[in-house]
Amino acid sequence: MTNFRKAFYIIISLYSISSAASGTVIGNGGDPIFEFLNAARSSMVETIRSVVFKKEELDKFCSSDKIEMEKQRFCRHFFEIVGPQIIELNRGQDRTKFALKEEALYVEGPDGKPMAVAARTQLGPLGVVEFHRGSVKTMIPTQVLFLISHESQHKVEFEGKSISDNQEIGPFADGRELLDTVASALTEVAKKKGFIGSQFGIQDIFDCSVEADDSSFGARIPSARRFSSDDLMSYETSMGKNPTDGTVFLPETSGSKLLLRMMISEPNNCGGAHVDRFNQVQIVRSISTDEGFEEEVLAERMFFENPMCPQAKHDFGISYEQVSFSCNYFGSTGTTSSQYSVFSKEMKNSLSSLESKKESFLSRGSPALDFYF
Ligand SMILES: [Zn+2]
């Protein structure tokens, strides 16, 4: 033990999460889709901020060969007025609530008949925005951003009233066309400025510390959740296990260190008791060799609960001789990660197929921008 350094070192490898992490952190056991909505909401607020208070940005907003000049001008003028209101409605404790619905959502269509939609809300600042879970689940971040941007415009006022989808407004055929034009312009800016990534994710966050001799050191470790089923109910999250994981470690000698490894396996999103739910915690000695690393597990503990579940104990720890590691679950947050900075061929290929999927989604017939199915 004497060769332990008094000063501890820590490595937090930050996965490749880009700037667009959501501002709020919640306890786990909630619906991940809900956190994706909040991550997209944060992107929307950041994007609006980056445009609406800067004249040179505002002048470029809505400019596109595909939009008539008169509509471009109206779009800018409208956005300048409603943008700050949208920011206000989407921040702080009293921000507009989101609700996820399993059942289909209907609104009155242009022909006066009920029409199924992915999201709906009442006009004006009060009331929740409802999202159809099944629709949102299959959307990529830019589509959710578009959807939230459209709905948010129903909640603000322009010339003394809120805009409905079917009313006539300025040079636009109806409110829907205006709201979609603004939402589309916002999504473009968000993509260009990196406020929205290509993939949703959840970060599980732990506060961990290591103690040895009479010193201690701690850090906040984010872990990227890996979903193992399409419904997002089963997943793994880990520290010190995969190359991109963060963890806390203690150097022993120049080529050797003790690190904390943790793996949580969650089978049904903190639902009822389940045999596949566990948290495996280890202290691992990692020695660098010519070929890479050699590892030896020095201590191991199994907990048959998930420290992130609301009813569970949120802290866990493990010791080996005079060294002890302990962690406490802090919370989880939705993110959109940008893979654009990772240069691998497969990534580029999958991105371009994503890109074309999105394009086809966004250009699917005329009122498709309103996310009807
Ligand atoms: Zn609408």
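**Chatting through a predicted fold**

Reader: Hi! Which residue in strand 8 stands opposite isoleucine 205?

Author: That's proline 222. Strands here are DSSP runs of E with at least two residues, helices are runs of H or I with at least four, and both are numbered from the N terminus.

Reader: Before we go on, what sort of model is this?

Author: It's a predicted model, where local features need pLDDT of at least 70 and side-chain atom pairs count only at pLDDT 80 or more, while totals for chains, interfaces and linings use all residues. Residues are numbered from 1 along each chain as its sequence is written.

Reader: Cool. How many helices and strands does the chain have?

Author: Seven helices and 16 strands.

Reader: Back to strand 8, then. How does strand 7 pair with it?

Author: Strand 7 covers residues 199-212 and pairs with strand 8 in the antiparallel sense, over 10 bridges. To count as paired, two strands need at least two bridges between them according to DSSP. Aspartate 204, for instance, has serine 223 in strand 8 as its bridge partner.

Reader: And what sits between those two strands?

Author: Two residues, and the strands form a hairpin around them. In the turn, aspartate 213 has a positive phi of about 50 degrees. Aspartate 214 is also placed in the loop between strand 7 and strand 8.

Reader: Is aspartate 214 buried or exposed?

Author: Exposed, because it has 7 other C-beta atoms within 10 Å. The cut-offs go like this: 20 or more other C-beta atoms within 10 Å of its own makes a residue buried, 12 or fewer makes it exposed, and in between is partly exposed, with C-beta atoms placed from the backbone.

Reader: What's the C-alpha separation between aspartate 214 and glutamine 322?

Author: It's 9.5 Å, and those two are 108 residues apart along the chain.

Reader: What sheet do strands 7 and 8 belong to?

Author: An open sheet of four strands in the order 8-7-16-15, with antiparallel pairing. Its edge strands, each pairing on one side only, are strand 8 (215-224) and strand 15 (315-320). On average, neighbouring strands of this sheet are turned by 25 degrees against each other, direction ignored.

Reader: How many bridges join strand 7 to strand 16?

Author: There are 13, and these two strands run antiparallel. Phenylalanine 200 has threonine 336 in strand 16 as its bridge partner.

Reader: Which helix lies across strand 7 and strand 16?

Author: Helix 1, residues 32-52. It runs at about 65 degrees to strand 16 (323-337). Axes are lines fitted to C-alpha atoms, for helices over the stretch in contact, and angles go from 0 to 180 degrees between N-to-C directions.

Reader: New topic: what about the sheet with the order 2-6-5?

Author: That one is open too, with three strands and mixed pairing. Strand 2 (98-101) and strand 5 (119-121) are its edges. Strand 2 and strand 6 (residues 129-132) run parallel and are joined by four bridges. Leucine 100 has phenylalanine 131 in strand 6 as its bridge partner.

Reader: Now helices! At what angle do helix 5 and helix 6 pack?

Author: About 140 degrees, with the axes of helix 5 (residues 141-153) and helix 6 (residues 175-193) 8 Å apart. Helix 5 and helix 6 are therefore oblique to each other. Angles under 35 degrees count as roughly parallel, over 145 as roughly antiparallel, 65 to 115 as roughly perpendicular, and the rest as oblique.

Reader: Which residues meet there?

Author: On helix 5 they include Leu145, Phe146 and His150, and on helix 6 Val182, Ala183 and Leu186 are among them. Residues are in contact if their C-beta atoms, placed from the backbone, lie within 7 Å. The contact residues divide into seven nonpolar, six polar and two charged. Nonpolar means Ala, Val, Leu, Ile, Met, Phe, Trp, Tyr, Cys and Pro, charged means Asp, Glu, Lys and Arg, and the others, Gly among them, are polar.

Reader: And how do helix 3 and helix 6 cross?

Author: At roughly 80 degrees, with the axes of helix 3 (residues 69-89) and helix 6 coming within 10 Å. So helix 3 is roughly perpendicular to helix 6. Lys71, Cys75, Phe78 and Phe79 in helix 3 meet Leu178, Thr181, Val182 and Ala185 in helix 6.

Reader: Last one: what share of the chain is buried?

Author: Buried residues make up 37% of the 373 residues.

Conventions
Contact = placed C-beta atoms within 7 Å.
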